[in-house]
Structures are given as C-alpha cells and as structure tokens.
Amino acid sequence: MTDSGALVVRGRLVQPSSVVDDGVVVASGGRVTFAGSVSDALATGYGPAVETVLPAPGTYLLPGLVDLHNHGGGGVSFPDVTTAEEALAGVLEHRRHGTTTLLASLVTARPEVLLERASVLAELAVAGEIEGLHAEGPFLSYHRRGAHNPADLQEGSVDLVRDLVGAARGYLRTMTVAPEVPGVTGPGGVAEALVEAGVLPSLGHTDGSTEQAEALIAQVTAALAAAGSRLGPMTATHLFNGMRPLHHRRPGPIAACLAAAARGDMVVELIGDGVHLDPATVRSVYYMVGPDQVVLVTDAMAAAGVADGRYELGPMSVEVLDGVARVVPEEGSPEAGEEGPIAGGTAHLIDVVRLAVAGGVPLVDAVRSATAVPARVLGLTGEVGSLEPGARADVLITDADLRPLRVLRQGVDVARPSRS
C-alpha cells in the first residue's frame, strides 16, 4: 500500500497512552499515512516497505515537539531580531533538537519596539517556519516582573493589543497578562479584546490574589466558550516562576491555577529544566492536575545550545553561567552587586522531557505534555503533536536516553549541525 516515495521509520513508538515496542511510522507527501505496530502494518499491506527498514536498538519515535514559550536559541534572541533571516537561525537551533512547532516569544519593551519585532517575526509565521507569536508582557506585575524591564511595564491597553495583533498579521497566538494590572480584566479590558482577536490570554508574572486570578480565569473561560474558539483552554505562564509564592494563609494565584487546571479550565506551563523548578515540583503537579493539563516549555533564550556568556533579552542584559541565565543588575541600581532573577532557560524541549522522565514522570505523560497538549492549546489537534494518519509528518527519533538522532518536519530531514 505504500508508494515508492513513502518514508518509513521504525522504533519504539510513543503514543498518547502507551509505547509500542515494535512500532513504525509511514509517511507520504509530508503526512502520516500509518502509525502503529509492525504487525498491524504488515497486516494492512505495508509489508515490503516496512520489512526493509530496521530500527536501531532502543530507538524511540516521538511526535515533533511543540514549544509554546521560547525566546530564542543558538545565540539569537527573538525579542531583539531585526530580520526574519536572523530569527530563523534561532528557530532552527530548536528544530534540530526536535521542536518542529514553536511560538516565538517577545518580552516587555516599548510599544514601538514590540510592534517592530512582531512584524519581523510574522514573516516567519507567514512562511510556515513558526506557528506564531507569544507576547510576554507588557501588562505584568512590577513586583513579579522577573527579567522584564520595569520601565516598560504598563497598564492594560486595548489599543496596544489591537496594534500588536495587526503588526503580527493575525499570528499573535498567546499573551501573558497579570490579572491585578488595571485594564486587564473586566468588561472592555485586555482579556476580552484578546479573545475577540483570537488570541489566548495566559496568566502570569503576577502578584495578585487568588480571587483576582479566579476572576481572570472565569472571564476567559466564559469568553472562549461564547466565542466557540478553537484555542484553549487558557494557560498559566510558567507556573510558580514569576508568581507570588503559595502560602497557606495567602494562597495567591498558584492555588487558583492548580484548581482551574484540575477542573479542566486551564493548562499550566512548567519549565522543567532543573533550574526553574525542582523535579519533585514537576512530578507533584502531574499528580495533582493530570498530564492533559500540563504543558512543558523551555522559556529558552539566546544562550540555548551555545556557550555561557553575556546576552541580551530585549532591553535587559543577561549573564549565563553554568547554563543558568540571570539578569545583570544595572550599575548604581539598588540591586547592583546582587544575584539577578532567572532570565529564561537554556535547554531544548527534549531536554525538559528527558528531565521530567528522570524525575519520575511517566514517559508517555511527559511526551504528551510536550506534543499533544500544546497542540490542543493552539487548536492544532490532528495537525501536529501526534503521530496519526493525516497529521503532519513531524517525527523526532531519539536514542534510549531521549537524545535526538534524527528529526523530520513534514517528512523531510532537518539538517543537523556537525557539533550536534
């Protein structure tokens, strides 16, 4: 049943709820035509093509990974690019390591800078190189700003939302907002404008109360249902990081996010890179809300895949030491001489998956949280994030330790650098 141009790969096939030890994926024309066991493939008539391909021992077949929160890599910072060609180098750094679908994330900056960067990155979205954009800010808490420039934070502005949607040519997919910032929640606010524009609000960088978080979650959940949006549910931007800590008498936003995820109204991002969160925290969240409400992300910045050193993240200067990125406090500032806040990640998404598994998360759950779950959030179920007939032939082939061996995007091999 396979045509002469069919692509066949074999290995341990990771499906949403199980691993098929003797698995095979067949693709043609950039789409999956079969995914399952070799015995089923033979029974279906795929024999000649399947039998000539032998898997390496321990090889895993994963869907191409989907990263909802990524500021760059390979020395390229998405919030600082001036050309689409420059930005593409950062996209390819992650694609070579298995991330075949990606949102390019911006950081808080002056409105004119945000619009300029959105316009540049939109070129990659139009070309199909990225799925779209994520705007992290500028409607964020001053007290929980993390690596965001305090001078550029502002109150919620529907006009800026509309300008940003326009500059992104309709490819703005998500936007991180803090519920306590004036102008974000309530009638006529930013949250409402985002849903109307087809953009998914994400709760994050907040010092708000449980009640303020609950109000935003309720508003967005109702608005998405009323709009019949294919996106959603809403997300929590890197849960725990950039949020008021959970306290038994002042539970803050984390309690609201966990409760919303447990009832299916939210998907929580976890940066499970071993720096932002302890593996036990990652494992515990899986137990509390279930793998279908968790999405693993990198929050990667320019240093992902390259050496330690000094980098830029929008208007902020970042120092990377031993793979940990931190903001460099300005000279003369009250924070000068102190250790700055964490400023994004330096891992690839497959590294995050591998660390989650090492920390006790079942393999199928960790993979689902980096593939099918983020695809569902973006309204792309059946298109990416899974290996099933009709889906895009995005395949990550790894060794037994979940280290990339080969990456296919739309059935075409992604070139890997000689250093990998």
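Two rings of Phe, Tyr or Trp, the last taken by its six-membered ring, are counted as a pair if their centres lie within 6.5 Å. In this predicted model, the count by that rule comes to 1 aromatic pair. Phe 34 and Tyr 46 form it, with 5.2 Å from centre to centre and 40° between the planes, an arrangement classed as tilted. The pair links distant parts of the chain, since Phe 34 belongs to strand β3 (residues 31-37), whereas Tyr 46 lies in the loop between α1 (38-44) and α2 (47-51), 12 residues apart. Phe 34 is buried, because its relative accessible area of 11% falls under the 20% limit, and Tyr 46, with a relative accessible area of 7%, is buried as well.

Another ring to look at is that of Tyr 142, over whose face Arg 145 lies, at 4.3 Å from the ring centre.

From the rings we turn to the packing of helices. Helix α3 (residues 84-95) and helix α4 (residues 111-126) pack at an angle of about 65°, their axes being 9 Å apart, and the crossing of α3 past α4 is right-handed. On the α3 side the contact is made by Ala 84, Ala 87, Leu 88 and Val 91, which meet Val 120, Leu 121, Glu 123 and Leu 124 of α4. By character, the residues of this contact divide into 7 nonpolar, no polar and 1 charged. An α-helix has 3.6 residues a turn, so residues three or four places apart point the same way.

Helix α4 also appears in the surroundings of helix α5 (residues 158-167), whose buried residues are Val 158, Leu 160, Val 161, Leu 164, Val 165 and Ala 167. These buried residues of α5 pack against α4 and also against β9 (132-136), β10 (172-177) and α6 (190-196). Following α5 along the chain, the reader comes to Arg 169, whose phi is positive, near 55°.

What does Ser 209 touch, not counting residues up to four places away in sequence? Ser 209 is found in the loop between β11 (200-203) and α7 (210-227), and, with such sequence neighbours set aside, Ser 209 touches Arg 244, Gly 252 and Pro 253. Ser 209 counts as buried because its relative accessible area is 18%, which is under the 20% that the term requires.

Key. Residues are numbered from 1 along each chain as its sequence is written. This is a predicted model: local features need pLDDT of at least 70, side-chain atom pairs count only at pLDDT 80 or more; totals for chains, interfaces and linings use all residues. Side-chain values use heavy atoms; hydrogens and water are left out. Axes are lines fitted to C-alpha atoms, for helices over the stretch in contact, and angles run from 0 to 180 degrees between N-to-C directions. Helices (H or I, at least four residues) and strands (E, at least two) are DSSP runs, numbered from the N terminus. A crossing is left-handed if the near helix is turned anticlockwise from the far one by less than a right angle, and right-handed if clockwise. Contact means heavy atoms within 4.5 Å. Ala, Val, Leu, Ile, Met, Phe, Trp, Tyr, Cys and Pro count as nonpolar, Asp, Glu, Lys and Arg as charged, and the others, Gly among them, as polar. Buried means under 20% relative accessible area, exposed over 50%, partly exposed in between (1.4 Å probe, protein chains only). Rings of Phe, Tyr and Trp (its six-membered ring) pair if their centres lie within 6.5 Å; planes under 30 degrees apart count as stacked, over 60 as edge-to-face and the rest as tilted. A charge sits over a ring if NZ of Lys or CZ of Arg is within 6 Å of the ring centre and within 35 degrees of the ring normal.
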